[in-house]
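Student: I am new to this protein and would like a close look at a single part of it. Could you take me slowly through the aromatic residues and the helices that carry them?

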Amino acid sequence: MILIDLQKAFDTIDHNILLNKLNFLGFSSSVVDWYRSYLTKRTFIVEINEKLSNPGDLKCGVPQGSILGPLLFLLYVNDMPQSVDCDLLLYADDSCLIFSDTNIEKIEKKLNKDFNSICDWLVDNKLSIHLGDDKTKCIVFGSKHKLKNIRELNIKHGVLKIKQHSKVSYLGCILDDNLSGESMANYALGKINGKLKFLYRKQQYLNYSLRRLLINALIQPHFDFACLAWYPNLNCNLKTRIQTIQNKCIRLCLNLGNRTHIGINMFKVINWLPTQKRFEQCLCTSIFKFFIGMAPTYISEMYFPVKQSLYTRRSLNKLCLPNKNTTRGIKTLSYIGPRIWNNLSIFLKSAPNINIFKHRLKDSFFENLTKKEENIYHYS
C-alpha cells in the first residue's frame, strides 16, 4: 500500500478544470453556471505584522468549511482511478494505492508504475503530492515469517524515494504490517486509560447519569472505532486487557470497589455488551446492512449468499463459509462473519430495520451469556 498525501488539496482545485469536469459528467449548463457563480468573484487578503494586503482574486480552491467543498473535491478527483491499474481507495483527500501479490519484485514494479502515473495525473490537474516529511509513505502487509524474508520496497518518483514503514495510520486507524491490530489496540487502551483516570479524579462531582453519559461519549467510541479492522486479529492478552478496562468503566459508572467482580447482571444494568460480543454485534449489523442493500459495494467481495431455491424471505439468507486452513484465515471477517451470522435465528434476521435488529441481537447475546454464567456457577 502507498498512502498518498496531497498538499493543500482543497486550496489548489483549478476552477476551469472543475467546471469542465462538471460538463463532462453531464451537469446541465444552468447548474455549471451556478457553480461558476459560486466559485468566482471571491477575494482574499494577507496579514503580515498587523498590516493587510490589497484584496486578490481567488482563481483556485473551494470555500473551506463549506458543505459543497468536499463534494466538489470528490467530483474533481473522480477520474483519478482511471490513471492506474491497481486498486485506488479514495476518501476525500486521503487516498491510497493497493496491489497484492506474493512476489515482491512484481509488487514493486506495479506500484512504481501506477504511483508515477498518479503523479502525472496530479500535475495535469494542478494538484501536488507531498513527498517530503514522511507524508507519502508505503507499507508491505504479510505474515511475520514472510516479512522477515523480503527486502524493502524501492518506490521512487524521480530521485525521491518513498519511505517504507512497519505501521501506518489511515483514516484514524493504525495498521500494522502483519495486520495484528496490536498498535491500534494499544492506542485505544492509552486513550481510554487517560480519560478513565480523569473521570476517577472527578467522580465525586458526578452522579450515576453523568458518569454513564460521559463514559458513553468519551470512552465507548474508542472501543468501537474501526473495531472490525483491528479487533479480530488481537491475541488473547490484548483482548483480556480491553475487557479488563471495560470492567473498570463499569465499576466507575456503578460506583463499585476496585476488586468487585463484574458479572453479566452488571452488564445488563448498564446495558453494555462485553467487548467480544460488542464486536460481534457490529459485525452482524454490517452483514444485515449487506442483505438489505445498505452496505458499501466492496462488502460484496467479502460475503457470498448461499444460493437457495424457492425462497423469498430475507430471514432465510445465509452466507457461504469459506475454507480457511490457517489461524490467520479463521480470524478474517470473511470467515468470522458467515460463522456468526449463519447461527442467528430467523427471528433476528427478519427484523424490519437496523435498530430493531441491534436491540434483538443484544437481548439474544445477554440471554446466552446469562445461561452460560449460570451453567458455570452450577458446575463449579
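Tutor: What follows starts with the whole protein and then turns to the aromatic cluster and its surroundings.

This is a predicted model, in which local features need pLDDT of at least 70 and side-chain atom pairs count only at pLDDT 80 or more, while totals for chains, interfaces and linings use all residues. Residues are numbered from 1 along each chain as its sequence is written, and side-chain values use heavy atoms, with hydrogens and water left out.

The protein has 15 helices and twelve strands, where helices (H or I, at least four residues) and strands (E, at least two) are DSSP runs numbered from the N terminus. Its C-alpha atoms fill a box of roughly 80 × 55 × 50 Å, taken along the principal axes. Of its 380 residues, 39% count as buried, a word that here means under 20% relative accessible area, with exposed meaning over 50% and partly exposed lying in between (1.4 Å probe, protein chains only).

Ten aromatic pairs are found in the structure; rings of Phe, Tyr and Trp (its six-membered ring) pair if their centres lie within 6.5 Å, and planes under 30 degrees apart count as stacked, over 60 as edge-to-face and the rest as tilted. In one pair, Phe288 and Phe357 have ring centres 4.5 Å apart and planes at 15 degrees, so they are stacked. Because Phe288 belongs to helix H12 (residues 275-291) and Phe357 to helix H15 (residues 354-379), this pair ties together parts that are 69 residues apart in sequence. Both Phe288 and Phe357 are buried, and ring pairs link them with Phe290, Phe291, Tyr303 and Trp341 into a cluster.

Several of these names return in the largest nonpolar core, which has 59 residues and in which Ile215, Ile219, Trp230, Tyr303, Trp341 and Phe357 touch the most other members. Such a core is a set of buried Ala, Val, Leu, Ile, Met, Phe, Trp, Tyr and Cys residues joined through side-chain atoms within 4.5 Å. In soluble globular proteins, nonpolar side chains tend to be buried together. Tyr303, leaving aside residues up to four places away in sequence, touches Leu283, Ser286, Ile287, Phe290, Leu319, Leu333, Ser334, Gly337 and Pro338, a contact being heavy atoms within 4.5 Å.

Helix H12 also packs against helix H13 (residues 333-341), at an angle of about 85 degrees and with the axes 10 Å apart. The axes are lines fitted to C-alpha atoms, for helices over the stretch in contact, and angles run from 0 to 180 degrees between N-to-C directions. H12 and H13 are therefore roughly perpendicular, since 65 to 115 degrees counts as such, under 35 as roughly parallel, over 145 as roughly antiparallel and the rest as oblique. On the H12 side the meeting involves Phe279, Glu280, Leu283, Cys284, Ile287, Phe288 and Phe291, and on the H13 side Leu333, Ile336, Gly337, Pro338, Ile340 and Trp341.

Helix H15, which holds Phe357, is also the place of Lys362. Lys362 is buried, with a relative accessible area of 16%, and touches Asn271, Leu273 and Gln281, again not counting residues up to four places away in sequence. Finally, Arg360 lies over the face of Phe347, at 4.0 Å from the ring centre; a charge sits over a ring if NZ of Lys or CZ of Arg is within 6 Å of the ring centre and within 35 degrees of the ring normal.
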